[in-house]
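Q: Please take a close look at the surroundings of one bound ligand in this structure, and then work outward from there to the parts of the chain that lie around it. I would welcome a connected account rather than a list.

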Amino acid sequence: MHSPHDPFVRVRGAREHNLQGVDVDIPRDVLAVFTGVSGSGKSSLAFGTIYAEAQRRYFESVAPYARRLIHQVGAPKVGEITGLPPAVSLQQRRSAPTSRSSVGTVTTLSNSLRMLFSRAGSYPEGAARLDSDAFSSNTAAGACPECHGLGLVHRTTEDLLVPDPSLSIRDGAIAAWPGAWQGKNLRDVLDALGYDVDRPWRELPQEDRDWILFTDEQPVVTVHPVREAGRIHRPYQGTYMSARRYVMKTFSDSKSQTLRTKAERFLASTPCPACGGSRLRPEAMAVTFAGRTIAELAALPLSELADVLTGSADSSETARVLTEDLLARIATVTELGLGYLSPDRATPTLSAGELQRLRLATQLRSGLFGVVYVLDEPSAGLHPADTEALLTVLDRLKAAGNSVFVVEHHLDVVRHADWLVDVGPQAGEHGGRVLHSGPVAELEGVQESATGRFLFDRAAAPVREVRTPRSWLKVGPATRHNLRGVTAEIPIGAFTSVTGVSGSGKSTLVGEITEDLPGVGRLVCVDQKPIGRTPRSNLATYTGLFHVVRKVFAATETARERGYGVGRFSFNVAGGRCETCQGEGFVSVELLFLPSTYAPCPDCAGARYNPETLEVTHQGRNIAEVLDLTVEAAADFFADTPPVVRSLRTLLDVGLGYLRLGQPATELSGGEAQRIKLASELQRVRRGHTLYLLDEPTTGLHPADVEVLTHRLHELVDGGNSVVVVEHDMAVVAGADWVIDLGPGGGDRGGQVVAAGTPGEVARAEDSRTAPYLARALA
Ligand code: ADP
Ligand code: ADP
Ligand code: ZN
Ligand code: ZN
């Protein structure tokens, strides 16, 4: 029986997703780590059950009307949970690419900086003290009136509008003009106005060129169109509009995304001349602290900002209190290896791991206690040298009186846990059981556990001969972000790992490898961006598998009798789909004050199709049931259909056997999306000579899955291709042919090639922060 003094969170009968009626007891006030191969059910237990139940109770207590929502969305499938504190989840979600939030707003450092300027800034003689809002470009009080706080203005130039000045206007010199009739109309109007539309653009007088491109006048003339294709056009009144006016109008007013994107090509963004890109009003920009404006301070990496604030010691008491608060907040962020970020850095440019660690740092200062924090792989994107700091931060959250539940693969984090919950033994229906719940050391006796093998077996990495590259690809000199004229050589026909602490410039360097470099044939970037942003894209549609499956259904006897074609089995077009949800399977539920949520469609209950379509079966299953199969089950089911099997094989090969064919793109993690892309790549017919770029492909993978994935990548290289991975997992780096180590630090303290060579060579490099960890993996 549960008593208030029972120190355990007790879960009984958890059946969410693949969980097989799990009973587990986890102590509160500890660091508990959830492990298991991908798809084993760790997230279903930590997030889908424990966090979801805490969330449900919270909703019920604050908003009784939310009961209806919970009823529709469904509470987690669990018998009972006792001893559960309120929960805070720090999941790896990327923010919307349009979001205006920044490092400063996420960490609330921006608020503190504004307060500092408002209360303790140096004002010009006679100026009134400003409210802290006046230092924010997101408020009317603070935004620069010229650019409305964007910091940028869009301009066109002659070079952009007329890329090829050897052409005449008739031949299409003005690339920015619209096509079809409207473009001809503008040309005829210019002709009627007396401009020469047949001379090469560059031979026209500058004055004419400027007028044609930039005038704000809109003269009206009578146009006598020439005879075209035998049809006679009547004279009409034509209005002229300059190319700039057309581009600006399309960019700001057009409803068509395609037209806006086209217009954008003719625009260059330049810093706003009024505020110099600072986004703020002149009055705010006249105030300084330690001799700098707030925009200047916000552009500094946090570690330098801390130096400036520390150096401003001789100021007032108010300033001292406020700077101390700022310094303490900055310290927690810097501690997590993010001191290279500046407060004005936009969050959409951060990686998911960076963003999660920023939120973690912010939580540390929130003063909450008695809650359970649920985290998703906080070590993602972290160099082994920074993992130590992460552990310190997790310990501090715990010491403040909280429970810290973490889904993790990184063995150093696993070893540090007070309590280990190992889920498995495998993925999907072959997993979903708790193999061990207790102290880490006790896992050693659990034979079934894949985690145990890596945690305790110190089996040396298989010895592989380092390959000799066919040739070398020179990248750079690159000058971008923190790289200053960096050159690097990438071996062709080999496996390269790019290493270095977070922010050292790995992604920036790899981004310099482009298709137009000599020696690069086909270039394939396998990144972690979602394979689609709506539930309409899924594993099957992305890989092309769905098309083959639909053909199979269209070829069944019932379908042929009824005249159902391939399109009938699509949930994206009318015909076969359920019209209530238009084939989504879900309807969106809007509730005041709460984020909108999806609930299963009341008509098809998530099946996505109408009843007639569902009457067609192949080997006893209808199309909805087939979409519900896991990749693994589908491989058995379609054993007699070779093209389907081939496609499924490659998915199994990258460790995705546990995903369901119809699993919506929106439910997939970045790592899963990346492996799906890799699988579709592997399924193509290849001739070699492709260069594959992968950014941290091991994110979200258990060491057992990493082994499988690494094996696949090496096979690509054996097939004559080249592979470059940005990677922190030293097991992968140790098996590479070549290592490029960037650093020494992050941001301005990095951006150099510290060492390059075989893993053995880099492990002995003097100034490399990677070297000691690589040496350990090679031992
Ligand atoms: P892990 O966190 O260990 O990688 P998950 O808990 O994410 O594993 O997944 C466990 C199983 O549940 C997998 O078979 C997965 O396909 C399935 N699953 C995950 N999310 C959903 C969902 N939203 N609906 C149905 N099944 C799901
Ligand atoms: P890594 O991949 O090693 O973590 P990055 O190449 O992402 O490092 O970053 C190197 C430096 O460039 C860092 O100082 C980072 O803050 C900066 N940087 C990266 N992306 C952007 C961006 N989109 N805008 C501004 N600065 C960036
Ligand atoms: Zn401005
Ligand atoms: Zn429906």
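A: **The site of ligand 1 and its surroundings**

Ligand 1 lies between domain 1 (8-86 + 370-456) and domain 5 (539-667), because both of these domains give residues to the shell around it. The model in which this is seen is a predicted one. The shell around ligand 1 holds 16 residues, of which His 17, Lys 42, Ser 43, Ser 44 and Gly 428 come nearest. Sorted by class, the residues of this shell comprise three nonpolar, 10 polar and three charged. As for the two domains that supply the shell, their centres, taken over C-alpha atoms, are separated by 31 Å.

One of the nearest residues, His 17, deserves a closer look at its backbone. His 17 belongs to the loop between strand E1 (8-14) and strand E2 (22-27), and its phi is near 45 degrees, which is a positive value in a residue other than glycine. A further backbone feature is found at Pro 425, which sits in the loop between strand E12 (419-424) and strand E13 (433-438). The peptide bond that leads from Gly 424 to Pro 425 is cis, and its omega is near 5 degrees.

To place these features in the whole chain, it helps to set out the domain division. Besides domain 1 (8-86 + 370-456) and domain 5 (539-667), the protein chain is divided into domain 2 (103-144 + 282-338), domain 3 (154-271) and domain 4 (471-530 + 686-778).

A second ligand can be described in the same terms. Around ligand 2 there are 14 residues, and those that come nearest are Thr 349, His 481, Lys 506, Ser 507 and Thr 508. The shell around ligand 2 is made up, by class, of two nonpolar, 11 polar and one charged residues. Another cis peptide bond joins Gly 476 and Pro 477, with omega about 5 degrees, and Pro 477 has its place in strand E14 (residues 471-480).

The helices complete the picture, and H14 is a good starting point. Helix H14 (residues 352-364) and helix H15 (residues 384-399) have axes that come within 10 Å and cross at roughly 35 degrees, and the crossing of these two helices, H14 and H15, is left-handed. On the H14 side, Leu 360, Gln 363 and Leu 364 take part, and they meet Val 393, Arg 396 and Leu 397 in H15. The residues of this contact of H14 with H15 are four nonpolar, one polar and one charged.

H14 also packs with helix H13 (residues 317-338), at an angle of about 145 degrees and with the two axes 9 Å apart. The crossing of H13 and H14 is right-handed. Thr 332, Val 333, Leu 336 and Leu 338 of H13 make the contact together with Glu 354, Arg 357, Leu 358, Leu 360, Ala 361 and Leu 364 of H14. By class, the residues of the contact of H13 with H14 divide into seven nonpolar, one polar and two charged. Leu 360 and Leu 364 of H14 thus appear in the contact with H13 and also in the contact with H15.

A further helix pair is formed by helix H8 (residues 243-253) and helix H9 (residues 257-264), whose axes come within 8 Å and cross at roughly 135 degrees. H8 and H9 are therefore oblique to each other, and H8 passes H9 in a left-handed crossing. In this pair, Val 247, Thr 250 and Phe 251 of H8 meet Leu 259, Arg 260, Ala 263 and Glu 264 of H9, and the residues of the contact divide into four nonpolar, one polar and two charged.

How values were computed. Residues numbered from 1 in each chain as written. Chains lettered and ligands numbered in written order. Predicted model: local features only at pLDDT ≥ 70, side-chain atom pairs only at ≥ 80, totals over all residues. Near = placed C-beta within 6 Å. Nonpolar A, V, L, I, M, F, W, Y, C, P; charged D, E, K, R; others polar. Domains from an automatic or database assignment. Axes fitted to C-alpha atoms, helices over the stretch in contact; angles between N-to-C directions. Helix = DSSP H or I, 4+ residues; strand = E, 2+ residues; numbered from the N terminus. Parallel < 35°, antiparallel > 145°, perpendicular 65-115°, else oblique. Left-handed = near helix turned anticlockwise from the far one by under 90°. Contact = placed C-beta atoms within 7 Å.
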